[in-house]
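Work through the exercises below with the sequence and the 3D view open. Each task is followed by a solution in steps.

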Amino acid sequence: GEVCNMINEKYNEFLPSMQSAEDLVLQVDELTNNIDLLKALIENEVQRDLNIAVAEFTELKQQLERDTLVLSVLKKLQEFDIAVKEYNTALLEKKYVTAAQQLEKARSNLKTLESRKGFELKILKALGKELTVQTQNMLYHLGEEWQKLAVWKFPPSKESSSLEFVVHSELHLRTVLLKEGDIAGPPVADVLQAFAILGELHNKLKNFGQLLLKYILKPLILYPSLQPFTEEQSNVFILRFKSEKPSLDHSCPIEVFDKIKLIFEVLYKYLLNVPLEQPAEDKKELTELLGDMIWEDLSDCLIQNCLVNSIPTNSSKLEQYIEVIKSTEVFEKALKDMRFLKGDTTELLKYARNINSHFANKKCQDVIVAARNLMTSEIHNTVKITPDSGVALPKLSEPRAGHHLETQKPSNLVRNDVVNLENETKLSQYTFSLPTCRISSSVEKLMELAYQTLLEATTSTEQCSIQLFYSVRNIFQLFCDVVPTYHKENLQKLPQLAAIHHNNCMYIAHHLLTLGHQFRYHLNNILCDGVATFVDMVPGFRRLGTECFLAQMRVQKGEILERLSSARNFSNMDDEENYCAAKKAIRQVLHQLKRLGKVWQDVLPVYVYCKAMGTLLNTALSEIVTRIAALEDISAKDADRLYSLCRTMVEEGPQVFTPLPEDDKNKKYQEEVPVYVPKWMMFKELMIILQANLQEIVDQWADGKGPLAAEFSAAEVKSLIRALFQNTERRAAALTKIK
């Protein structure tokens, strides 16, 4: 019974919890259904509404951006319009600075509009045009005002740089505003400031500066008689000129500086001393801007046409030059105070202070001018020099006093050494002599000029002596620069001139070896210690002569090869036409060599002559050998004709060697041709092959020890045998012996 009770109890407890669990299951099912419904609802309707909303939002946002852009464009257009209107008002009232600022404002608005991508408005082009027109209009008005501020009055005459013209020219500067009743003109500052805003100030000042240089400043330097004078009226300041008889031919620097200072003072006081607000990168005052534009020209003109002429010609007047240096300093300080010049010492003052060197320069310049004239004169006027001819050497006095015993001692040593040397090994008297040849007479004179200038250096002050010594070095430096350039075409075209130039360079190099040494104990202490030398220039001169002559040799070689190229490769000589072409080519080459032999005759030193002619003849022979050795088939008739062509070269080739005008003396050199023509023997061997039979060729080869083997390789000989002889057993046997 108890068990039943327990079960009942448990069951009673279980039932309600079972019940609530079932309820829960029902609730969950219901919830799941609800969720599914909601999910379907979201997927079908809400999502669609959301997409529509996002699309609408994006469209509105783009609309807003477009409207904002349009609004900003309209705003810029409005600003442009306002700026142009305000510019017009200001221009009418002659408020030039305001007008210029408004124009620039309009310009920057337009720039902004033009930079917008996707907004290529047609109106912008029209606005741009309008702006250009208004800018030109404003510049025109400003130009008119500027012309009233500084008025140039010129005479009707044409010759604008003459003294007469300048005397009748005037410059009027407006000083104050007009009388009460009139409309007052704008002050200078406004006009210039407006120019600055529009970026035109530079041009205006530049034009003014050019007029100033041309009609006032330069004439004051060039015409000593010209005097400026000024006149002040109620509202204008006038600058005029008169001409008075000058005391000197050349302007005296002290007077010129005073006149020019006066002009700058007038400009400073009445025109340019106005403060300007300029763009940040260009913070310069007006005076400094103008100074920058004209100072270099003015300073050059003062140096060239005033200071140069005031350099004394003899040392006694050097003392008085102090006055000129002082007045240059005063002049420069005045221009700096008015801010036409900046802080550093100018070229002008440096030039004036450097008078001692200018004094020497003047002397040196004469030397260089003389040298240059010699260098640009004709090369082909020649003189003959022989081993015995030297430059007519000036007689040097004893070494100068003041070089005490110490400096003379080394010279004794040197001389003793020379004596000892003579006792041990005698040098030929011609060791340092030149071979006989022709040089330009101008070069002989140039050498004399160098010797005379060094002689002058031995009697000058230290500074001058050093400069004269260096100006002689400059002569030779100049030669290397001037002659090859100035005579370039002739040196390339005319073989004779190339030869003379070659000799000129060798002649100079020869003298440079000893030039410094001869004057060594007569020059100043500084130059005495072995510095006074020209030896370092010797290789340069030798190179200069050699290069020019070698270039000419290359031209001649080119012509020889060009002529031989028309010989149809020397093939098929049994064809008449080919044979004629080859004969003609050989004739032309010999003719060219003969002509060269004539133009170089008596010009080049014999050794150089023979070497040059030998090289050219060698070029011709070498080319002929190469062409013939390359032939693949040579008939008997071909061989005979080739032989006769070669014989012409061998017979007439040596005759082109005519180094001396006396014919009987040339025989010796014609017999020595093999010495100067490396391929001579090879050429002769080729002729032998052209005439020989197989056995004779084999004999000439002599197992690689014969004369043929000395000139040709086995491969070349075999190739010639194959070309000359039919393919027979005898030929095969001969070929095996060539190895």
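**Exercise 1. The nonpolar cores**

Find which members of the largest nonpolar core touch the most other members.

Solution. This is a predicted model, and its largest nonpolar core holds 87 residues. Within that core, M138, L212, I216, L217 and L271 touch the most other members. Next, take L217 and leave out residues up to four places away in sequence: L217 then touches L212, I260, I263, F264, I294 and L298. Finally, look for a second, separate core; it has 73 residues, including L497, C548, V589 and I634.

**Exercise 2. The open sheet**

Establish the strand order of the four-stranded open sheet and decide which strands stand at its edges.

Solution. Step one is the order, which runs β1-β2-β4-β3 with antiparallel pairing. Step two is the edges: β1 (150-153) and β3 (226-232) each have a single partner strand, so one side of each is left without a neighbour in the sheet. Step three is the twist, which averages 20° from one strand to the next.

Now examine one pair within the sheet. β3 and β4 (residues 236-243) are joined in the antiparallel sense over 7 bridges. They form a hairpin, with 3 residues between the two strands. Along this pair, L226 has S243 of β4 as its bridge partner, while P228 stands opposite F241 in β4.

**Exercise 3. Helices on the sheet**

Determine which strands are touched by helix α3 and which by helix α7.

Solution. Start with α3 (residues 122-149), which packs on the sheet and touches β1 and β2 (170-174). The direction of α3 makes about 70° with that of β1. Then turn to α7 (residues 253-272), which packs on the sheet with contacts to β1, β2, β3 and β4. The direction of α7 makes about 25° with that of β3.

**Exercise 4. The length of a helix**

Check whether the end-to-end distance of helix α2 agrees with its number of residues.

Solution. Helix α2 (residues 96-115) has 20 residues. At 1.5 Å a residue, α2 should span 28 Å. The end C-alpha atoms of α2 are 29 Å apart, which agrees. The buried residues of this helix can then be listed; among them are Y96, V97, L103, N109 and L113.

**Exercise 5. One alanine**

Decide whether A734 is buried or exposed, and find what it touches.

Solution. First locate A734 in helix α28 (residues 729-737). Its relative accessibility is 4%; buried means under 20%, so A734 counts as buried. Leaving out residues up to four places away in sequence, A734 touches L694 and V698. The C-alpha atoms of A734 and Q695 are separated by 7.4 Å, although the two residues are 39 residues apart along the chain.

**Exercise 6. Confidence and the whole chain**

Find where confidence is lowest and where it is highest in the chain.

Solution. The mean pLDDT of the chain is 82, and 87% of its residues reach 70 or more. Confidence is lowest in helix α12 (residues 405-424), with a mean of 32, and highest in helix α20 (residues 606-629), at 95. Two stretches deserve a note. Residues 177-184 have pLDDT below 50, with 4 contacts in the model beyond near neighbours in sequence. Over residues 398-430 pLDDT stays under 50, and the model has 23 contacts for this stretch beyond four places in sequence.

To finish, place these parts in the whole: the chain has 28 helices and 6 strands, and buried residues make up 41% of its 739 residues.

Terms used. Residues numbered from 1 in each chain as written. Predicted model: local features only at pLDDT ≥ 70, side-chain atom pairs only at ≥ 80, totals over all residues. Heavy atoms only, no water. Core = buried A, V, L, I, M, F, W, Y, C linked by side-chain atoms within 4.5 Å. Buried < 20%, exposed > 50% of the residue type's maximum accessible area, 1.4 Å probe, protein only. Contact = heavy atoms within 4.5 Å. Expected span 1.5 Å × (residues − 1). Pairing = 2+ DSSP bridges. Axes fitted to C-alpha atoms, helices over the stretch in contact; angles between N-to-C directions. pLDDT = per-residue confidence, 0-100.
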